[in-house]
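Please open the structure in your viewer and keep the sequence panel visible. The tour begins with the whole chain and then turns to selected cysteines.

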Amino acid sequence: MTNINHLKYILMLKIKLYPTFLLFAFLLSSMFFLLDNLIFSKKTVFFWMWSKPQTLSSSIISLSSYCKEINCKIDPPHVHFGTITKNNNFIMHLNIKDIEVLKDFGNSFLLTFRLENLPTVYEVADKYKKYSSIFMNSDIEIKGLELDYDSASSKIKVYKDWIKRLRELLPKDHIEITGLTTWVYDNEKDVRDLSKEVKRINFQLYHIDKNKIPTQRFFNFLNNISEKKISLGVLCNDYEFSKSINNSIKTNSQITIGYFLNSNCSKST
């Protein structure tokens, strides 16, 4: 008889506790939902405009829609403005009409200079200041300079010293650079030193026309460096690739994703 009463007591206790359990489960799921949104809200993206801005509308609209879905924010675009060739000739890729069209995509940008060699720091600083004023005359704010230079891994220290001299000429300007994953594999120590000289290294995760997942060694490097110093460049609007990259990065990371957009991306969007 005692066993039967004991069984009844346990059954009644379970019935009373069931609503409490449901409430706990609801609160727990809500907490995870809010945590996910908090993590996503830290995500920041930007895009490179690597062709005439008129050709990129569909890709940019797609990225904007994606960013709304994951509750991220979009940083100022990086505009491929000019190239300094191996012969030290400067080629400007945008004309005045193109600059006016840029207003449709925002009111502030970074200027990206492609360097096929390392010219004198005076030449780069002069070009940057000269052409920044052209944008300002069109009521467009220039947030900083990005250098796109594929330094050999063995010469990263030379590149770092060159940037240090450039910073002396542009002490108040925001300077970023693009980077190669092979730098980390070949010369991680100098890459860490290089990162101290710039606001951010934007590592390219693509080769020619394909996105490529880096090795675990590269992710280990990312997860042990100041997050604000790094962004990852993805070719076109490859959001599935972006998700796979995020799965390999610390959940509390604030590493930015940059989307390299050109006219070929617009055709495939």
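Accessible areas are obtained here by the Shrake-Rupley method with a 1.4 Å probe. On that basis, the protein in this predicted model exposes about 14800 Å², of which carbon and sulfur atoms supply 57%.

**Whole protein.** Display the cartoon: the protein contains nine helices and 12 strands. Colour next by burial; of the 269 residues, 46% are buried. If contacts are drawn for residue pairs with a separation of 6 or more, 77% of them link residues 24 or more positions apart.

**The disulfides.** Select the bonded cysteines. The structure holds two disulfides, and with these cysteines numbered in sequence order the pairing reads 1-2, 3-4.

**C67 and C72.** Select this pair to find a disulfide with an S to S distance of 1.8 Å. C67 is buried at 4% relative accessibility, and C72 is likewise buried, at 15%.

**C236 and C265.** Move to the disulfide formed by C236 and C265, whose sulfur atoms are 2.0 Å apart. Which hand does this disulfide have? The torsion about its S-S bond is about -75 degrees, so the disulfide is left-handed. Now show the surrounding backbone: C236 sits in the loop between β11 (230–235) and α8 (239–246), whereas C265 belongs to helix α9 (residues 263–268), so the pair ties together parts that are 29 residues apart in sequence. Are these two cysteines buried or exposed? C236 has a relative accessible area of 18% and is buried because the cut-off lies at under 20%; C265 is also buried, at 1% relative accessibility.

Methods
Residues numbered from 1 in each chain as written. Predicted model: local features only at pLDDT ≥ 70, side-chain atom pairs only at ≥ 80, totals over all residues. Heavy atoms only, no water. Helix = DSSP H or I, 4+ residues; strand = E, 2+ residues; numbered from the N terminus. Buried < 20%, exposed > 50% of the residue type's maximum accessible area, 1.4 Å probe, protein only. Contact = heavy atoms within 4.5 Å. Disulfide = S-S within 2.5 Å.
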